[in-house]
Amino acid sequence: MKILVCICQTPDTTAKIEFTNANTQFNTSGVQYILNPTDEWYALVRALELKEQNGGSVTVVTVGKADTEQNIRKALAIGADDAVRIDANPDDAYVVGTHIADYAAGKGYDIIFTGKETIDYNGFSVPGVVAELLDLPQVSLAAHLTMDGNTATIDREIEGGIERVQVSTPFLVSAQKGMAEQRIASMKGIMSARTKPLQVVAPKDVKPLATVAYYELPAKRQTVKLIAPEHAADLVRLLHEEAKVI
Amino acid sequence: MHTKSVGQDKFQAHDHYWVDELLTEEHRLIRETVRAWVKREVSPVIEDYAQRAAFPKHLIKGLAEVGAFGPTIPVQYGGQGLDYISYGIIMQELERGDSGIRSTASVQSSLVMYPIYTYGNEAQRMKYLPKLGSGEWMGSFGLTEPNHGSNPSGMTTHFEDKGDHYLLNGSKMWISNAPFCDVAVVWAKDEAGVIRGLVVERGMEGFTTPETHGKWSLRASATGELVFDNVRVPKENLLPNGKGLKAPLGCLSSARFGIAWGAIGAAMDCYDSALRYSLERIQFDKPIGGFQLTQKKLAEMITEITKAQLLAWRVGVLKNEDRATPAQISMAKRNNVDMALHIAREARQIHGGMGITGEYPIMRHMMNLESVITYEGTHDIHLLITGMDVTGINAFK
């Protein structure tokens, strides 16, 4: 089974979020990057499990500059066989999806895995773009996947329940919690990652469809005002005059 | 088995000077890996084991898998073939979890595998190192004696040549891993009074390892004695290439280097917990982190951690270039352990009464560090090493 896993890096969850350039750019100074957790914990690990059961290969692909290689090595240390870095800035989902689809086209992947979303910009469009450009069926929000021959049975989490779908290879699936459990690389894995192939691919010319007008941080949470039960009238007045919700 | 609920490990790393940029991609990957392992395997159970004064033996396999046993030993002998900064990073992350766990790894790597690799012959390397690297065998290191701590050259443990074997007599004290070790690297005097290293194996008649009980420190690490009562040691167990006190001191230099890094881990854990607590704990209608006296403590902590990180990094670079002197390593060990102990005490104050409970790691780190500041050369002895280095005058005796 030939599997491609799309990975990306995101700022560490502890990173300080600041913007520069009239709030049009994220200030990356001092920011540390991690593998996007849904890519790492669910997509990559399930792909590795399928390879371990059925044989085959797992390739990881990312769109990014050289600073992403630390996280690519991490994916190799966890167990991917080889990696591809498409040497372009991931400007928007269209750019990323187009680069990945260009790379994957004609290579005969049975399954393309992605995480369900990125935890930085909450982006979730790349899987759709890749599937559309490659004319593949896409199953999103997948929490469970089993293979029987060329047929996958996949549970999708939907509002208040589960939807079970079946799809035949080749297909694209975006994975979420439930799909697999996080794996910690072993030192043996880290050492073998040194020599696993990491191919850098020159990008085609793709222009983003979206540009960022500006970023805004959420308003600071107001301190809580406690109103004694006997002053209910004050509560109503504050809700009307200050909070302006009634 | 006792169980006790402990708070989730919310540790976040602090890197005020972006020291990360001085590390390689692989260094950072190793750190993230060991950190994730500690969060998953060590943090949830360590408080319980420390409270019960039990060693979490089930962690040995995982320690081997994350490369904690013999990181700098070449791969063909069962090590990881990593550089010294990687070794330091592994020790830092383990000690972020607990100094006792780090001690177990330090002993195995620097005090058992290092001397067998450095002073042993090929047959000894092949016999012992792969099993020590995989954690199948655990080792201990016997240098300190009941009456010879800071002055190891006065040791009385000795061996005689009996033709087809050596006969070993004496005892060693304060030995980490002793109660469960499979092999012990033991330093003893030959008939000419020259200090030599011998590998003593469990099961040799007359070799016992009574456990030391009642410790208030390193409670999750097993400590004991090594007692040799007419132990017949095969001649092939003598390490041929180390003679004199400088052989065991070479091991200590390697271990002290790891401690200089490890202490940063304990300090970071205390600081991180204190910082978070100071922002959550409300007194006089505001977080206590908003008061000047708390900020003074926090600001001094991160300043000292930053200095210690740079010291450890620099001595790591020197060690990689094989240029680090024992005196430079002494300074880093002394400074960083003292720094960590001060931070543990200040962090304890910030936590108020909560700081004395097992809900927070502070008191455990603080008590552990009382051992760390004493073993592998006491705080005062390291001062004298620096003193001798700068004046050229020996003030030890």
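A residue is taken as buried when its relative accessible area is under 20%, as exposed when that area is over 50%, and as partly exposed in between. In the predicted model described here, A:Lys65 has a relative accessibility of 35% and therefore counts as partly exposed, and A:Asp87, at 25%, likewise counts as partly exposed. The side chains of these two residues, A:Lys65 and A:Asp87, meet in a salt bridge with an N to O distance of 3.4 Å. Because A:Lys65 lies in the loop between β6 (57-63) and α2 of chain A, whereas A:Asp87 lies in the loop between β7 (82-86) and α3 (93-104) of that chain, the pair ties together parts that are 22 residues apart in sequence.

Over all chains, the count comes to 36 salt bridges. In chain B, B:Glu160 pairs with B:Lys162, the closest N and O atoms being 3.5 Å apart; B:Glu160 is partly exposed, with a relative accessible area of 28%, and B:Lys162 is partly exposed at 41% relative accessibility. Where salt bridges share partners, they join A:Lys65, A:Glu69, A:Arg85 and A:Asp87 into one network.

A:Glu69, a member of this network, is also one of the buried residues of helix α2 in chain A. This helix, spanning residues 69-78, is mostly covered, in that 10 of its 10 residues are buried. Among them are the charged residues A:Arg73 and A:Lys74 as well as A:Ile72, A:Leu76 and A:Ile78. The helix is followed by A:Gly79, the phi of which is positive, near 150°.

A further salt bridge in chain B is formed by B:Arg31 and B:Asp20, with the closest N and O atoms 2.6 Å apart. This pair links distant parts of the chain, B:Arg31 being in helix α1 (residues 25-52) of chain B and B:Asp20 in the segment before α1, 11 residues apart. Both B:Arg31 and B:Asp20 are buried. B:Arg31 is also among the contacts of B:Glu93, which, when neighbours within four places in sequence are left aside, is in contact with B:Arg31, B:Val34, B:Arg35, B:Val38 and B:Met268. B:Glu93 is found in helix α3 of chain B and, at 1% relative accessibility, counts as buried.

Helix α3 of chain B also contributes to the aromatic pairs, of which a search of the whole structure finds 18 over all chains. B:Tyr84 and B:Phe257 form an edge-to-face pair, with a centre-to-centre distance of 5.8 Å and an angle of 80° between the planes. Since B:Tyr84 lies in helix α3 (residues 84-97) and B:Phe257 in helix α6 (residues 246-280) of chain B, this pair ties together parts that are 173 residues apart in sequence. Both B:Tyr84 and B:Phe257 are buried. The ring of B:Tyr84 is additionally covered by a charge, as the charged end of B:Lys319 sits over it, 4.3 Å from its centre. B:Val317 is found in helix α7 (residues 292-320) of chain B and is buried, with a relative accessible area of 16%. The C-alpha atoms of B:Val317 and B:Ile85 are separated by 7.1 Å, although these residues are 232 residues apart along the chain.

In chain A, ring pairs link A:Phe19, A:Phe26, A:Tyr121 and A:Tyr215 into a cluster. A charge placed over a ring is found in this chain too, with the charged end of A:Lys107 sitting over the ring of A:Tyr103, 4.0 Å from its centre.

Between the chains, 17 residues of chain A are in contact with 22 residues of chain B. Chain A and chain B bury about 1700 Å² between them, 61% of it on carbon and sulfur atoms. On the chain A side, A:Gln70, A:Ile184 and A:Met187 lose the most area to chain B, together accounting for 38% of what that side buries. The count between chain A and chain B is 2 salt bridges, and B:Glu26 forms a salt bridge with A:Arg194 in which the closest N and O atoms are 2.8 Å apart.

The search of the whole structure finds 0 disulfides over all chains. A:Cys6 is in no disulfide, the nearest cysteine sulfur, that of A:Cys8, being 9.5 Å away, and A:Cys6 is buried with a relative accessible area of 5%. In chain B, B:Cys270 counts as buried at 0% relative accessibility.

Conventions:
Residues numbered from 1 in each chain as written. Chains lettered and ligands numbered in written order. Predicted model: local features only at pLDDT ≥ 70, side-chain atom pairs only at ≥ 80, totals over all residues. Heavy atoms only, no water. Phe/Tyr/Trp six-rings, centres within 6.5 Å; stacked < 30°, edge-to-face > 60°. Helix = DSSP H or I, 4+ residues; strand = E, 2+ residues; numbered from the N terminus. Buried < 20%, exposed > 50% of the residue type's maximum accessible area, 1.4 Å probe, protein only. Lys NZ or Arg CZ within 6 Å of the ring centre and 35° of its normal. Disulfide = S-S within 2.5 Å. Contact = heavy atoms within 4.5 Å. Buried area = accessible area lost by both parts, 1.4 Å probe. Salt bridge = Lys/Arg side-chain N within 4 Å of Asp/Glu carboxyl O.
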